[in-house]
Amino acid sequence: MIKEVDISEYREDIITLWHNCFGDNSEYISFFLDNCPEKSCIGYVDSGKLVSMLFLLSGKINDFSCKYIYAACTDSAYRKKGIMGSLINFTFELCRQNEIDSVFLVPGNASLYNYYDKFGFISCFYRDEIEIKDIKSLVELTTESDYKTVALTRNGLLNKIDSFRFTDDITEYIIKENEFTGNYSECLCCEDENSVMFYSFKDNELNLREFLSDKGMNSSALYTLCKKYDAQNIYIRCPIVYNSKNNEIKHTKCGMLYAINPQLKKIIDDGIVFYAGMYLD
């Protein structure tokens, strides 16, 4: 039976199924269940046991409403029976009934792009991956950080480009989740520049899980961060609007969209490229 399940009622089933499929520990799964707002769970229940599920989180594609599919998984004993496909189709119908414009997901591996393609998902999300080894030309500025400021600044920057973005509350949760898993976030807000950085630091290298800035790759925030950690190299994931011929850039596919709204479908068919950025993966 497919239905929108009561998360509190099926909490232990959710934790067990999630752990068995993805390997995450109960502490991390509980952190999501207890802290992530605006979520719902679509599940397949057999004999009172949850054996397949996916979570839906709220966001936007530009000005179009969107649901993000997260933690989609099926118990190993129930796989290859079409259950996940039924959950996805149930999600589409639920979104149509609630006038949601689109459904977004990030395939867990490259082979799944072909699987989701069968349901009408289209690959239209990309990002650039850039390694910068010369940071001497960047100018130092100061940074500030708190969850709400970073969330609002990030969504303000994403609002300026074609992109998927979570609601402000879910974005704030993602920042907390980022910190919970041992990473960091900072933002720079001043008269001349707004920047947001999500990063980790190891072996004298900064790895920016996401970098957004009004100044593009010329942001002074990069130098500020490098000086803070005395880093020599930076590895960055960022929107493709930051393309630079001076760096070696890897163009990476990073998400798929199912358009319910005809206007959004036309935009996708016209070849527009969106940025997905930080998401729960």
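Let me start at Ala71, which is found in strand S4. What we have on the screen is a predicted model, so please hear everything I say in that light. Ala71 has a phi near 55°, a positive value in a residue other than glycine. At 9% relative accessibility, Ala71 counts as buried, because the cut-off for buried is under 20%.

I begin there since strand S4 comes up again in two places: the pocket and the core.

First, the pocket. The largest pocket holds about 840 Å³ of space. It is lined by 30 residues, and those closest to its centre are Phe22, Ala72, Cys73, Leu112 and Tyr116. Which elements give two or more residues to that lining? They are helix H1, residues 11-22, strand S4, residues 64-74, helix H3, residues 83-97, and helix H4, residues 112-117. The largest share comes from S4, with seven residues. By type, the lining divides into 20 nonpolar residues, three polar and seven charged.

Next, the core. The largest nonpolar core has 54 residues. Inside it, the residues with the most contacts are Ile14, Trp18, Phe32, Met53, Phe55, Phe125 and Leu257. S4 gives the most to this core as well, with six residues. There is also a second, separate core of 19 residues, and it includes Val103, Tyr113, Phe119 and Phe121. As background, nonpolar side chains in soluble globular proteins tend to be buried together.

Now the cysteines. How many disulfides does a search of the whole structure find? Zero. For anyone who wants the reminder, a disulfide is a covalent bond between the sulfur atoms of two cysteines. Take Cys73, one of the residues closest to the centre of the largest pocket. The closest cysteine sulfur to that of Cys73 is in Cys21, at 4.0 Å, and that is too far for a bond, because the cut-off is 2.5 Å. Cys73 counts as buried, at 4% relative accessibility.

Cys36 is in no disulfide either; the nearest cysteine sulfur is that of Cys41, 12 Å away. Cys36 also counts as buried, at 3% relative accessibility.

Cys36 takes us to a contact across the sequence. Ile174 sits in helix H6, residues 168-180. Ile174 and Cys36 are 138 residues apart along the chain, and their C-alpha atoms are separated by 8.0 Å. At 4% relative accessibility, Ile174 counts as buried.

There are two further pairs of this kind. The first involves Ile61, in strand S3. Its partner is Phe166, 105 residues away along the chain, with 9.0 Å between the two C-alpha atoms. Ile61 is buried, with a relative accessible area of 0%.

The second pair involves Gly48, in the loop between strand S2, residues 39-46, and strand S3, residues 49-61. Is Gly48 buried or exposed? Gly48 is exposed, with a relative accessible area of 54%, and the reason is that the cut-off for exposed is over 50%. The C-alpha atom of Gly48 is 9.4 Å from that of Tyr10, and these two residues are 38 apart along the chain.

On to the helices. Helix H5 covers residues 147-158. What span should its 12 residues have at 1.5 Å a residue? The expected figure is 16 Å, and the end C-alpha atoms are 16 Å apart, so the two agree. That expected figure counts one less than the number of residues, which is why it is not simply 1.5 Å times 12. Within H5, the buried residues are Val150, Ala151, Thr153, Arg154, Asn155, Leu157 and Leu158. That list has Arg154 in it, alongside residues such as Val150 and Leu157.

Helix H7 covers residues 220-229, and in it Ser220, Ala221, Leu222, Thr224, Leu225 and Cys226 are buried. H7 is followed by Asp230, whose phi is positive, near 55°.

That brings me back to backbone angles, where I started. Glu99 has a positive phi near 55°, in a residue other than glycine. Glu99 is found in the loop between H3 and strand S5, residues 102-105. With a relative accessible area of 67%, Glu99 is exposed, whereas Ala71, at 9%, is buried.

To sum up: S4 gives the largest share of the pocket lining, S4 also gives the most to the largest nonpolar core, and the search finds zero disulfides. That is all from me.

Terms used
Residues are numbered from 1 along each chain as its sequence is written. This is a predicted model: local features need pLDDT of at least 70, side-chain atom pairs count only at pLDDT 80 or more; totals for chains, interfaces and linings use all residues. Side-chain values use heavy atoms; hydrogens and water are left out. On a 1 Å grid over the protein atoms alone, a cavity is a set of points where a 1.4 Å probe fits but cannot get out, and a pocket is an open set with protein on both sides within 12 Å along at least five of seven lines; lining residues have an atom within 4 Å of a point. Grid points are joined across faces, edges and corners, and a volume is the space filled by probe spheres set on the points. Helices (H or I, at least four residues) and strands (E, at least two) are DSSP runs, numbered from the N terminus. Ala, Val, Leu, Ile, Met, Phe, Trp, Tyr, Cys and Pro count as nonpolar, Asp, Glu, Lys and Arg as charged, and the others, Gly among them, as polar. Buried means under 20% relative accessible area, exposed over 50%, partly exposed in between (1.4 Å probe, protein chains only). A nonpolar core is a set of buried Ala, Val, Leu, Ile, Met, Phe, Trp, Tyr and Cys residues joined through side-chain atoms within 4.5 Å.
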